[in-house]
Amino acid sequence: MPDNRKVNWGILASGGIARKFAASAKTTQNAELVAVASRTPGKAKTFALENGVGKSYDSYEALLDDSTIDAVYVANTHNFHHQTVLLALNSSKAVLCEKPLAINAKQAAEMIDAARAKGVFLMEGMWTRFLPAVEQMRRWIAGGLIGKPRQLFASFGTNVPFAPDHRMLNPKLAGGALLDLGIYPLALASMVAGGKPLTLQHSICEIGETGVDVEDSLLLSYPCGLVAHLCCGIKSKYTNSATLCGETGSITLPPLFIGAQSVTLQTGNETIIKEFPCEFLHGFRYEIEAASECILKGLTECDTIPLDETLELARTMDAFREEWGLRYDGE
């Protein structure tokens, strides 16, 4: 692809997260949203009209057969990610899949193996990893400004009104706090730890009326010496902030840390605040641009959220759910 070419994107599914992707894609320099598909008749057409998308399809297969589309964003509920991503990879389309990539490590490994065997780009949509504030956090850590990272405190959750069919509460949709919300603080800990596997973990979990985890407290330690104190839930109001404490200072991402527009460094008596006001509707813009840049360069994965780290995160979540007696084995 020439350097000035945009990646032509299609969206598979047309729910709320797809709308955020569509709005954000319009603000990018290297991506063009050209098509959307839904398996519900008429839904893709409505989405296309409301979001200014040129083409709409009533099946994923029809969109994947469109030779003008370079890449797809998988936006359906995560219980369907496995089959949808494999379908797209088999069509040789580059894939950005909304987090979590899969509902368990077995599925994630199959998807990663398929992408590598086909030589096709695959990335988990961990959009927070690409925020300018989080990139600044990584630079401060790499520069040794807080010394060796020692303790991370992060939470993410909200009070979801009880409705058994809500995607976060429905076990048939692989609901629960961990897969949907807990993955954010877990991914933050993984980023600080360099994507390394755990050396120790403990947890406390409350199982709700529908049989999914609704309040989780997680304690993890990593070979680098980092200890992460994380919590997530769908029955409580959380601070939704994150603080990393090092030997000589600390770094804080304010509420809502997953969409942070500022980051604070404290060392000794000095406090530095870097602000990154977002001019756009959603921070997806940075993720879309990063994925598009990788595709334009002919890469098959993104160094910012590598596939080996995605698989390690899936294994971590499997281990927690195993402790709680919860397993999601398939679609």
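**View 1. Helix α9 against the sheet edge strand β8 and its neighbour β9.** Helix α9 (residues 307-324) lies across β8 and β9, at about 55 degrees to β8. Axes are lines fitted to C-alpha atoms, for helices over the stretch in contact (heavy atoms within 4.5 Å), and angles run from 0 to 180 degrees between N-to-C directions. Helices (H or I, at least four residues) and strands (E, at least two) are DSSP runs, numbered from the N terminus. The model is predicted: local features need pLDDT of at least 70, side-chain atom pairs count only at pLDDT 80 or more, and totals for chains, interfaces and linings use all residues. Residues are numbered from 1 along each chain as its sequence is written, and side-chain values use heavy atoms, without hydrogens and water.

**View 2. The open sheet of eight strands.** The order is β8-β9-β10-β7-β11-β12-β13-β14, with mixed pairing (at least two DSSP bridges between two strands). Strands β8 (200-207) and β14 (270-275) are the edges, each paired on one side only. From one strand to the next, the twist averages 10 degrees.

**View 3. Strands β7 and β11.** β7 (residues 149-157) and β11 (residues 242-246) run antiparallel and are joined by five bridges. F153 has T243 in β11 as its bridge partner.

**View 4. Helix α7 across the sheet.** α7 lies across β7, β9 (213-221), β10 (227-233), β11 and β12 (249-253), and runs at about 160 degrees to β10.

**View 5. Surroundings of L253.** Leaving out residues up to four places away in sequence, L253 touches A133, V134, M137, L188, S241, A242, A260, S262 and V263.
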